[in-house]
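Good morning, and thank you for joining. Please take a moment to look at the sequence and the structure before I go through a few of their details.

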Amino acid sequence: QSDIAESRQNTLTLQDSLRFLKFVARILHEEPGRFRSETDAILAAARSIRPLASFYLTASRADRLARFQQRATVRASMSTSDRLVHDWKKFDAIDSLYRDLVQEIFPSTCTVDSSSLSPIEIVEQILMALGRPSSPHPT
């Protein structure tokens with residue numbers, strides 16, 4: 001409840017709320033037609049979402065692999081995206097579908113290339129795109 005109350009104040013909340021579109025992209029790639037009515041319903045619902053500030057984060061293959069290796073040292077399980085780092089052809093196909101879905105549903109999506117950027121620098125890029133000053137942060 002406190003998170004909801006805090007987010008209603010004049011604050012900026014960043015979260016990966018479009019992840020469901022990545023799931024739909026994976027289903028469309030891996031099993032085209034199998035869950036057509038379900039994916040159509042999800043996409044119809046997504047198209048009814050009010051416009052919002054949307055960001056598509058991308059990175060070079062080298063950065064993606066380095067980030068995967070860093071996460072692998074602290075986490076026992078791999079996410080679906082982590083598994084795709086080892087199959088670039090499949091990764092590119094799913095990521096392309098995901099990017100297209102995000103940009104179709106949210107046409108004002110801003111692409112941020114996060115290659116060689118720290119998490120703080122990525123947030124600063126997003127804040128600049130929103131026209132907001134970045135907050136001072138500890139180094």
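Y56 and Y98 are both buried. I should state at the outset that this is a predicted model. How many aromatic pairs does the count give? The count comes to 2. In one of them, Y56 and Y98 form a tilted pair, with 5.9 Å from centre to centre and 50 degrees between the planes. This pair links distant parts of the chain, since Y56 belongs to strand β1 and Y98 to helix α6, residues 88-105, with their positions 42 residues apart. Y98 has a further partner: the charged end of K22 sits over the Y98 ring, 5.0 Å from the ring centre.

The other pair consists of W88 and F91, which are arranged edge-to-face. Here the centres are 5.4 Å apart and the planes make an angle of 80 degrees. W88 and F91 are 3 residues apart in helix α6, and therefore about one helical turn separates them. In general, an α-helix has 3.6 residues a turn, so residues three or four places apart point the same way. Is F91 buried or exposed? F91 is buried, because its relative accessible area is 8%, which is under the 20% limit.

I turn now to helix α3. At 1.5 Å a residue, its 12 residues should span 16 Å, and the C-alpha atoms at its ends are 16 Å apart, so the two values agree. Which residues of α3 are buried? Among them are T39, L43 and A46. These residues lie on the same side of α3, because the arc they cover around the axis is only 55 degrees. The cover over the buried residues of α3 includes α2, residues 19-30, and also α6.

Finally, let us consider S54. Where does S54 lie? S54 is found in the loop between α3, residues 36-47, and β1, residues 55-58. S54 counts as buried because its relative accessibility is 2%. The side chain of S54 makes a polar contact of 3.1 Å with the side chain of T109. Leaving aside residues up to four places away in sequence, S54 touches L18, V102, F106, S108, T109 and C110. T109 thus appears both among the residues that S54 touches and as its partner in the polar contact.

Definitions and conventions. Residues are numbered from 1 along each chain as its sequence is written. This is a predicted model: local features need pLDDT of at least 70, side-chain atom pairs count only at pLDDT 80 or more; totals for chains, interfaces and linings use all residues. Side-chain values use heavy atoms; hydrogens and water are left out. Helices (H or I, at least four residues) and strands (E, at least two) are DSSP runs, numbered from the N terminus. Buried means under 20% relative accessible area, exposed over 50%, partly exposed in between (1.4 Å probe, protein chains only). A polar contact is a pair of N or O atoms within 3.5 Å; within protein, one must be able to donate a hydrogen and the other to accept it, and residues adjacent in sequence count only if both atoms are side-chain atoms. Contact means heavy atoms within 4.5 Å. Rings of Phe, Tyr and Trp (its six-membered ring) pair if their centres lie within 6.5 Å; planes under 30 degrees apart count as stacked, over 60 as edge-to-face and the rest as tilted. A charge sits over a ring if NZ of Lys or CZ of Arg is within 6 Å of the ring centre and within 35 degrees of the ring normal. The expected span of a helix is 1.5 Å times one less than its number of residues. The arc is that of the directions from the helix axis to the C-beta atoms.
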